[in-house]
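Here's a short set of exercises to work through with the model open in your viewer. Each one gives you a task, and a worked solution follows it.

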Amino acid sequence: MDLKEFELIYNENRVEIKDKQKVEAKLREIVGFKNVSTKEIDILAYNKDTSLIGFNWALQGKIAGLPDFITWPETSEQISEILKLANQEKIPVIPYGEGSGVVGGAIPVYGGIIIDMKKFNKILNINDKDLTVTVESGINGMKLERYLNAKGYTHGHIPQSFYYSSVGGWIAHRSAGQFSTKYGKIEDMVMGMEVILPKGDILKFKTIARASTGPQFEKLFIGGGGTLGIITKATLKIWPYPESRSLISYAFPTFEDSLEATRQILRQQIYPAVIRIYDADETIRHFGHIEKAKDKVMVVLVCEGIKRLVKLEEEITRETCEKNNGIDCGEEPVEHWFETRFNVTETSSTPTFGMVIDTIEIGFLWDKAADMYHFVLEAAKSVKGLMIITAHVSHFYPNGVGFYFTFAGIPPKEKTDFEFFQEVWNTIIKAVEDCGGSFGHHHGVGINRAKWMPVEWGKAFDSLKFIKKLLDPNNILNPGKVYESTWKE
Amino acid sequence: MSEILKKYKWMGPIIEKMDRDIKRIFMKNFRMRDKNYFPEGDYKADIKNLVNCMLCPNLCKFDCGTLQASLTETMSPAYKARIGYYLTTGKIDPTKKENKDFVDLMYKCSNEENCKVWCPFEFSVVSLLETVRDDLNDKGLMPDYCKQQISKLNKTNTIEEYNIFETYKEKGIENIETDGNDEVFYYIGCESMKFPEVVKANIKILKKAGLKFSTNLEKKVCCGGPAFNIRDMETAKEFARKNKELIESTSAKIIISDCPGCILTLTTRYEKVGFKFEKEIIHIVQFFKKLIEEGKLRFEKSTPEQFRKITIHDPCLIARNLNDTESIRFILNKIPDLEITEPLYNKEYVHCCGWSGTAHWADRDLAIREAQNRINELKETGTNIFITACPLCELGLAYGINETEKEKYNILDISELLIEIL
C-alpha cells in the first residue's frame, strides 16, 4: 500500500531525510533491530493523538501527520543516543506515551522519529513511609492505579483519559484529574524526575519533599509538552486508599448559585476530592433522568479519606450547598457519574454525521467567573455552524476554577471541518483572553493553543522561546507545537 | 437508528433553533450517513461497530493482551478496528500482496475478550475482527497459517498433524466406549490430550464419584473451535455435525469437558450455526463443584506439603465466557491445608495465557510474550504452583516460563491437585 493514498493534513515543511536507510540503520544500532519500524502498518498507527478532529479524519481516511520511523527504546541511554542522532541529522523527534493528548501534542507534523515510551512501563518502587511511587514514564495510568489499589494506596490522579494515558503524558501536558481538589494536579504530585534534554543529556532531579536550592528548574518540564525534554522516570506522591467515601449531589436554581456554594466550600478549606458543576444544558444531557434536577444546575461532590474527616467535610459541604439554595438529590447522580465518567461514545457517532466536536478547558479566577462563562458562551455562538456550546466546571481552588467547554457544530458549506474547528477554537480562546481568563487549564498547549501563546504569556514567551533555543538549538524535539503555530491563518 | 434518536433526543430543540443553511447540511449529512460511511456492499463485516470501535479513544487498550505483549500502538484495539474498516471499504486493498501486514493484523487477537469488560458498546474486538475475517475468507485471502490449521482439521479431525486422540493407548489413557446409556460424556479436548496426566486424573475422579460415563476416544474429533476462530464456517459446521452425531450416540444428559474452548464451541458457537443440544454442557470444574455439593466427591487425605501454596489462574474462557469464577474457588476452598493466593488480575479481570484465538498462529512470538506477561503476574504472588483448568492455559503459560525456571514453577490443572487428596 502507498500511504500517499491517504490525504495528509499536516503536509507542509516536512523534514527531508536525505538518506533514510542510513538513519534507519543507525537507529537499529542504537535500540536494536526489533525496536525500529518503517513498516506502513506501524507508521499509520502513530499518525495522530486523541484530538477529536482526528476521529473525523480517521473516518474520512485522512492522516494527521506522517512519521518516518517508529522506535521503542528500552533505556534512557538509548533515548539519549536517538536524540544525538536526530541533532546530527536534523530530524524531528516526537515523544509518544499513550497518544491520549487532545491538542495535537504527539502528532508528527513534520515527520521524523517517534519515540514510543511504552517499554518504559515498570513500577520501580513504592515507599510506604515516604508515600511515594517511582515509575518509568510510559506506564499507563489505569495500570498504575490498579497496582497501587491492590497494595492499599491511591495515586489520586484520575484524568478522564485514565484508561489510555501515561504518567509521562500527564507530566508533559501538566494534566489534572477528576479528584484533584483533594489530591492536587500532576505538578503537585511529582517529587522527582529523570529527564533527557534535546541534545541527549540525562538529568536526574532528586526526590525531595521540598527544597530552596535555586529556582524550581524541574518544573520547566512539567507542562513542557515534550518540547524541552523527554521524561523517562518520575517519583510521585501516593496516599493510603481512602477508608471512607461520601457521595453528595445538589441541584441549584442557577449557575451562579452553584458557583457561590462551591466557592464558599473551598473558602472554608474544605476540599472534596471531586466537585463538578454541570451547567443547565449539561445537566439535561447527563442528568436528564433526575427529576429534582429538571431545569436546574447539577453539582456532584465526593468527599473521601478517613471517616471522621469525611463526616465533617460532608456536613460543611451540605450546610453550604443548602445555604445557597441547593436541593439535595442524593447519591444516585454521583453513582451515575461514577458509572459513566469514562464512557466516551460521542466520538464514535458525531463524525458520521459530519459533526465537529471538541472540548476546551480554561481557567478563571472566582471574581468574574460567572460573567466570563456567559461571555465565552456568547462569543462561541457567533461562529456560523456552531450547534452546541455547554460547560461544566471541573476543577476548583480557593481562588478560582477550571471550566470545561464542549462544542459541537456543522461546518458551513464554505468551510472544511478543520477550518471550522480552528475558527471555534480561536473564537473561544480570544474570548477567554479578552475577558482576562487563562486559555488552558489541563490539556496543554500542543498545536491547538500555540497561536495564542504570545497573548497568554506576553513578554515571558520570548524568554520561554529563548530557553527552548538554548536547550534545543536545532529544534528537533517535538517541533510544530507550543512555540510556532502550524494552523494556517 | 432508533437508539441514536433516543440517545440524542435532547438535541431536538437545538436542531430546531439551527441556522437554516446549517440545518440543511446537517439533515443532508444525516440522510447520507450510511452512504458516506456505511456503504452497502457485498461484505459481512460489522461495519457500524468497527466504526464505533475505531473512533473510540481506545478505552480498553490498557487491558488488551496483545497490546501489552507487543507494547505498540499498532496492536491497539481501536487501530485494529480502523484497519478492519479500511479493509472492508477498500481504503486498504486486502488483495494486494504488500498489504499482507494489514490482513495479518485481523488475526492478532488472543480472544481473551478483556476489552469487552471496558467497552462502552459492550462488544469484544474479536467479535468485530471475526466479521472482517469472514470477508477475507470469502475473497480467498485466508492466511496460510490459518489454512494449515484447517488442513490439519480436515486431515486428522484434530488440531494436530496426527489424530491426537489415537495416542490414548501409548499415553496410558483409558478409553471408555459408550454403550448408549451413559449418565455423562466426558468430552476430552484435542489440547487436553497433550496433558495425559490431567485426563487420567479426571477419569479417576469421575470413577471415584461412581458415575457411568464414556470418553469415546476412538470416535472422538475436535470440536471445530479453531475453524470458528478462523471463520471457515463450512469446516466449522462439518465439525458441529460430526460432534452432534457423536454426542447424541452416548445418550448422556450431561456433557462435560476439560477444555473451556470446547464448551464455548459446543454451546454458543454451535447454536449460531444451527446445532443445539438439549443437554447440559458444562466445564468439568462446574461438574466437580456439583459433585462436591452432592457429597459424591470427598477430600479424604490431607494436602501433600509440596502442594499447599497455590495461585489461581482463571482461564479467561471460564471467567468471561462462561461467567464462572466461583467453581474453581469453591473446589479449592474445600481442600484442607491449602493456602490460596490470587494474582493482581484475576476472576473476570484475568489476563490471558496468550494461547487462545488466532494470535499464536499469526504471531507466535507475540503470543509467547503475552504468556510471559501472565507468568510474571502469577510469579508476583510468590508461589510456585499455578492452578488452572484449561489445556490452552497450560500450554500457553508453559511458554511463558524461561527454560532456567522450568524446574521451579509448576503449572497444574485443578484435577492434578484433586487426585492428590481424594
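**Exercise 1. Find out how strands β15 and β19 of chain A run relative to each other, and place them in their sheet.**

Step 1. Start with the pair itself: β15 (residues 274-278) and β19 (residues 386-396) of chain A run antiparallel and are joined by two bridges. Keep in mind that this is a predicted model.

Step 2. Pick out a bridge. A:Ile277 has A:Val393 as its bridge partner in β19(A).

Step 3. Zoom out to the sheet. It's an open one of seven strands in chain A, with antiparallel pairing and the order β17-β14-β16-β15-β19-β20-β18.

Step 4. Check the edges. β17 and β18 (356-365) of chain A each have a single partner strand, so each has one side left without a neighbour in the sheet.

Step 5. Add the helix. α14 (residues 369-381) of chain A packs on this sheet and touches β18, β19 and β20 (400-409) of chain A. The direction of α14(A) makes about 155° with that of β19(A).

**Exercise 2. Work out the strand order and the pairing sense of the four-stranded sheet in chain B.**

Step 1. Read off the order: β2-β1-β3-β4 of chain B, in an open sheet with parallel pairing.

Step 2. Look for strands with a single partner. These are β2 (213-214) and β4 (280-283) of chain B, which stand at the edges, so one side of each lacks a neighbour in the sheet.

Step 3. Go to the middle. β1 (residues 184-187) and β3 (residues 254-257) of chain B pair in the parallel sense over four bridges, and B:Tyr186 stands opposite B:Ile256 in β3(B).

Step 4. See what packs on top. Helix α14 (residues 260-272) of chain B touches β1, β3 and β4 of chain B, and its direction makes about 155° with that of β4(B).

**Exercise 3. Classify how α6 and α9 of chain B pack: at what angle, and with which residues?**

Step 1. Get the geometry: the two helices pack at about 25°, with axes 10 Å apart.

Step 2. Apply the cut-off. Angles under 35 degrees count as roughly parallel, and α6(B) and α9(B) are therefore roughly parallel to each other.

Step 3. Assign the hand: the crossing of α6(B) and α9(B) is left-handed.

Step 4. List the contact. α6(B) brings B:Pro77, B:Lys80, B:Ala81, B:Gly84, B:Leu87 and B:Thr88, while α9(B) brings B:Val125, B:Leu128, B:Leu129, B:Val132 and B:Asp135. By class, that contact has seven nonpolar, two polar and two charged residues.

**Exercise 4. Do the same for α15 and α17 of chain B.**

Step 1. The axes of α15 (residues 284-293) and α17 (residues 326-334) of chain B come within 8 Å and cross at roughly 45°.

Step 2. That angle makes α15(B) oblique to α17(B), and the crossing is left-handed.

Step 3. On the α15(B) side, the contact residues are B:Val285, B:Gln286, B:Phe288, B:Lys289 and B:Ile292. On the α17(B) side, they're B:Ser327, B:Ile328, B:Phe330, B:Ile331 and B:Lys334. Sorted by class, you get six nonpolar, two polar and two charged.

**Exercise 5. Describe how chain B meets chain A, then decide whether α4(B) is enclosed or open.**

Step 1. Count the residues: 42 of chain B are in contact with 46 of chain A.

Step 2. Ask which helices take part. α3 (20-37), α4 (47-54), α6 (77-89) and α7 (100-105) of chain B each supply at least two residues of the side that touches chain A. The largest share, eight residues, comes from α3(B).

Step 3. Sort that side of chain B by class: 26 nonpolar, six polar and 10 charged residues.

Step 4. Now take α4(B). Seven of its eight residues are buried, so this helix is largely enclosed by the rest of the structure. The buried ones are B:Ile47, B:Asn49, B:Leu50, B:Val51, B:Asn52, B:Cys53 and B:Met54.

Step 5. Look at the cover. It includes α3 (52-60) and α13 (346-349) of chain A, along with α3, α6 and α9 (125-138) of chain B.

**Exercise 6. Check the backbone and the exposure of A:Asn325.**

Step 1. A:Asn325 isn't a glycine, yet it has a positive phi of about 75°.

Step 2. Locate A:Asn325 in the loop between α11 (307-323) and β17 (327-328) of chain A.

Step 3. With 16 other C-beta atoms within 10 Å, A:Asn325 is partly exposed.

Conventions
Residues are numbered from 1 along each chain as its sequence is written. Chains are lettered from A and ligands numbered from 1 in the order in which they are written. This is a predicted model: local features need pLDDT of at least 70, side-chain atom pairs count only at pLDDT 80 or more; totals for chains, interfaces and linings use all residues. Two residues are in contact if their C-beta atoms, placed from the backbone, lie within 7 Å. Ala, Val, Leu, Ile, Met, Phe, Trp, Tyr, Cys and Pro count as nonpolar, Asp, Glu, Lys and Arg as charged, and the others, Gly among them, as polar. A residue is buried if 20 or more other C-beta atoms lie within 10 Å of its own, exposed if 12 or fewer, and partly exposed in between; C-beta atoms are placed from the backbone. Two strands pair if DSSP finds at least two bridges between them. Axes are lines fitted to C-alpha atoms, for helices over the stretch in contact, and angles run from 0 to 180 degrees between N-to-C directions. Angles under 35 degrees count as roughly parallel, over 145 as roughly antiparallel, 65 to 115 as roughly perpendicular and the rest as oblique. A crossing is left-handed if the near helix is turned anticlockwise from the far one by less than a right angle, and right-handed if clockwise.
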